[in-house]
Amino acid sequence: MEQTYWLGRERAAGAMARRATSSEARLIHFELAGRYSLLAMACGEPSDEETGQ
């Protein structure tokens, strides 16, 4: 569940970065997306229950 949360935050930050109008805002959102990605990796693989399989 926790990994699913961080992956969702990563996707949201990436989407916000693509919509950002200033380069500074894009940089901040891409930085957050990278941090969320690392947090998701630290959680390990999602279980079948979390992925709905």
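This briefing covers the helices, nonpolar core, aromatic pairs, polar contacts and long-range approaches of one chain. The model is a predicted one. The chain has three helices and zero strands, and along the sequence the pattern reads α-α-α. Of its 53 residues, 21% count as buried. Trp 6 in helix α1 and Tyr 36 in helix α2 recur below, both in the aromatic pair that links the two helices and in the largest nonpolar core.

**Overall layout**

- Within the chain, contacts with a separation of 6 or more are 57% made up of residues 24 or more positions apart.
- The chain has an accessible surface of about 4100 Å², and carbon and sulfur atoms hold 56% of that surface.
- Helix α1 covers residues 2–19, and helix α2 covers residues 23–43.

**Nonpolar core**

- Five residues form the largest nonpolar core: Trp 6, Ala 13, Ala 33, Tyr 36 and Ala 40.
- Helices α1 and α2 are the elements that give two or more residues to this core.
- The most comes from α2, which gives three residues to the core.
- In soluble globular proteins, nonpolar side chains tend to be buried together.
- Ala 13, a member of the core, is in contact with His 29, Leu 32, Ala 33 and Tyr 36 once neighbours within four places in sequence are set aside.
- Of those contacts of Ala 13, Ala 33 and Tyr 36 also belong to the core.

**Aromatic pairs**

- The whole structure holds two aromatic pairs.
- One of them joins Tyr 5 to Trp 6 in an edge-to-face arrangement, with 4.9 Å between centres and 70 degrees between the planes.
- Trp 6 also pairs with Tyr 36, and here the arrangement is stacked, at 5.6 Å centre to centre and 25 degrees between the planes.
- The pair of Trp 6 and Tyr 36 links distant parts of the chain, since Trp 6 lies in helix α1 and Tyr 36 in helix α2, 30 residues apart.
- Tyr 5, Trp 6 and Tyr 36 together form one aromatic cluster.
- Both Trp 6 and Tyr 36 are buried.
- Trp 6 has a relative accessible area of 18%, and it counts as buried because the cut-off is under 20%.

**Salt bridge**

- A search of the whole structure finds one salt bridge.
- Its partners are Arg 35 and Glu 31, whose closest N and O atoms are 3.1 Å apart.
- Both residues, Arg 35 and Glu 31, sit in helix α2, four residues apart, or about one turn of the helix.
- Arg 35 is exposed, at a relative accessible area of 51%, whereas Glu 31 is partly exposed, at 42%.
- The two residues fall into separate classes because exposed means over 50% and partly exposed covers the range between that and the buried limit.

**Gln 3 and its surroundings**

- Gln 3 is a residue of helix α1 and counts as buried, with 10% relative accessibility.
- The Gln 3 side chain reaches the backbone oxygen of Gly 44 at 2.5 Å.
- The C-alpha atom of Gln 3 is separated by 8.2 Å from that of Ala 42, although the two residues are 39 residues apart along the chain.
- Ala 42 belongs to helix α2 and is exposed, with a relative accessible area of 66%.

**Leu 7 and Ala 33**

- Leu 7 is placed in helix α1 and is partly exposed, at 27% relative accessibility.
- Between Leu 7 and Ala 33 the C-alpha to C-alpha distance is 8.8 Å, with their positions 26 residues apart in sequence counted as separation.
- Ala 33 is also one of the residues of the largest nonpolar core and one of the contacts of Ala 13.

Definitions and conventions
Residues are numbered from 1 along each chain as its sequence is written. This is a predicted model: local features need pLDDT of at least 70, side-chain atom pairs count only at pLDDT 80 or more; totals for chains, interfaces and linings use all residues. Side-chain values use heavy atoms; hydrogens and water are left out. A salt bridge is a side-chain nitrogen of Lys or Arg within 4 Å of a carboxyl oxygen of Asp or Glu. Buried means under 20% relative accessible area, exposed over 50%, partly exposed in between (1.4 Å probe, protein chains only). A nonpolar core is a set of buried Ala, Val, Leu, Ile, Met, Phe, Trp, Tyr and Cys residues joined through side-chain atoms within 4.5 Å. Contact means heavy atoms within 4.5 Å. Accessible areas come from the Shrake-Rupley method with a 1.4 Å probe; for residues, only the protein chains shown count as cover. Rings of Phe, Tyr and Trp (its six-membered ring) pair if their centres lie within 6.5 Å; planes under 30 degrees apart count as stacked, over 60 as edge-to-face and the rest as tilted. A polar contact is a pair of N or O atoms within 3.5 Å; within protein, one must be able to donate a hydrogen and the other to accept it, and residues adjacent in sequence count only if both atoms are side-chain atoms.
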